[in-house]
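Please keep the sequence and the model open beside this note while you read it. The points are meant to be checked one at a time, in order.

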Amino acid sequence: MAAQPANAQAAAMTFFVTSTGIGNGGNLGGIAGADNHCQELAQAAGANASGVKTWHAYLSTQQADGKPAINARDRIGKGPWQNAKGVVIAKDVADLHSAANNLTKQTALSEKGDVINGFVDTPNRHDMLTGSQSDGTAFPPGEDRTCKNWTSSTQGSAMLGHADRTGLRDDDASKSWNSSHPSRGPDGDCSQADLRSTGGDGLMYCFAVN
């Protein structure tokens, strides 16, 4: 009996932070590989039990090789979105990208309903891959903020957000859920070790688009 509410909440979940990363740094197999990771984790958690949801990773890509940029904000549906506990984190795209959103350490839960380790925890896993500016749009071409559009674990860098809205300083960047600082580290800024060196694990935000 006790399992039924949890199953019902899992079926109603439309937002989560990935409990695990793909494990290859910034090389996610492109944006399609990231979406597939979201889809598989949601499926395993029972989030698609009441019909098929389409899940997308909150990631932007930059203009390159004749292909236009993709904005994270344009690929996550219209909302509202709720976590595995049924708590609404934002009612629509504008709300999500405003100071009024309800994304905190306590609400940015994994697909299993678990709190993700934050700035004060060991290991710190609060860095989320986004490749996005604070308004959810892609960075202009030039300086890489997407690890070569999520295909490289060696070159470039990835813009990261803080899922717990906490960082080294008391400033907007440290408190940003989607655009806090670029990845950096000894391997060229996009390896799994690089992501871990600044407080991450290659985790992402996933949203149900329908």
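The numbered points below go from confidence to the cores, then to the open and closed spaces, and end with some details of the backbone.

1. Before anything else, please keep in mind that this is a predicted model. The mean pLDDT of the protein chain is 93, and 94% of its residues reach 70 or more. Residues 1-5 call for caution, since pLDDT stays under 50 there and the model shows zero contacts for them beyond four places in sequence.

2. A good place to start looking is the largest nonpolar core, which has 23 residues. The members that touch the most other members are Phe16, Leu28, Trp55, Leu59, Leu129 and Met204. At least two residues of this core come from each of helix 2, strand 2 (55-57), helix 4 and strand 8 (200-208), and helix 2 gives the most, with five residues. Apart from this core lies another one, of 19 residues, which includes Ala90, Val93, Trp177 and Leu203.

3. Leu28 deserves a closer look, and one may ask in which loop Leu28 lies. Leu28 belongs to the loop between strand 1 (15-17) and helix 2. Leu28 has a relative accessible area of 4%, which is under the 20% cut-off, and therefore counts as buried. Leaving aside neighbours within four places in sequence, Leu28 is in contact with Ile22, Gly33, Ala34, Leu59, Leu129, Trp150 and Met204. Among these partners, Leu59, Leu129 and Met204 are also named with Leu28 as members of the largest core that touch the most others. As a reference distance, the C-alpha atoms of Leu28 and His181 are separated by 19 Å, and these two residues are 153 residues apart along the chain.

4. Turning to the open spaces, the largest pocket has a volume of about 350 Å³. Of the 18 residues that line this pocket, Gln62, Ala64, Asp65, Lys148 and Asn149 are the closest to its centre. Helix 2 (30-44) and helix 4 (147-150) are the elements that give two or more residues to this lining. By class, the lining of the largest pocket is made of five nonpolar, eight polar and five charged residues. A student may want to note that helix 2 and helix 4 also each supply at least two residues of the largest nonpolar core.

5. The second largest pocket has a volume of about 200 Å³. The lining of this pocket has 13 residues, and those nearest its centre are His162, Leu168, His181, Arg184 and Thr198. How many residues of each class make up this lining? The lining of the second largest pocket divides into three nonpolar, eight polar and two charged residues.

6. As for closed spaces, the structure holds one cavity of 30 Å³ or more, and the largest cavity has a volume of about 40 Å³. The residues that line the largest cavity are Lys105, Ala108, Ile116, Asn117, Gly118, His126, Ala163 and Asp164. Sorted by class, this lining has three nonpolar, three polar and two charged residues.

7. Two peptide bonds should be inspected with care. The bond from Gly79 to Pro80 is cis, with omega near -5°, and Pro80 is found in the loop between strand 2 and strand 3 (81-82). A cis peptide bond also joins Thr122 and Pro123, where omega is about -5°, and Pro123 is found in the loop between helix 3 (93-96) and strand 5 (127-129).

8. Two residues other than glycine should be checked for their phi values. Arg165 has a positive phi, near 60°, and lies in the loop between strand 6 (159-162) and strand 7. Asp189 has a positive phi of about 90°, and its place is in the loop between strand 7 and helix 5. Why does Arg165 count as partly exposed? The relative accessibility of Arg165 is 23%, and because this value falls between the cut-offs of 20% and 50%, Arg165 is placed in that class. Asp189 likewise counts as partly exposed, at 23% relative accessibility.

9. The last point concerns Ser191, which is found in the loop between strand 7 (181-182) and helix 5 (192-197). Is Ser191 buried or exposed? Ser191 is buried, because its relative accessible area of 9% is under 20%. Not counting residues up to four places away in sequence, Ser191 touches Gly25 and Ser153.

Key: Residues numbered from 1 in each chain as written. Predicted model: local features only at pLDDT ≥ 70, side-chain atom pairs only at ≥ 80, totals over all residues. Heavy atoms only, no water. 1 Å grid on protein atoms, 1.4 Å probe; cavity = no way out; pocket = protein on both sides within 12 Å on 5 of 7 lines; lining within 4 Å. Points joined across faces, edges and corners; volume = space filled by probe spheres on them. Helix = DSSP H or I, 4+ residues; strand = E, 2+ residues; numbered from the N terminus. Nonpolar A, V, L, I, M, F, W, Y, C, P; charged D, E, K, R; others polar. Core = buried A, V, L, I, M, F, W, Y, C linked by side-chain atoms within 4.5 Å. Buried < 20%, exposed > 50% of the residue type's maximum accessible area, 1.4 Å probe, protein only. Contact = heavy atoms within 4.5 Å. pLDDT = per-residue confidence, 0-100.
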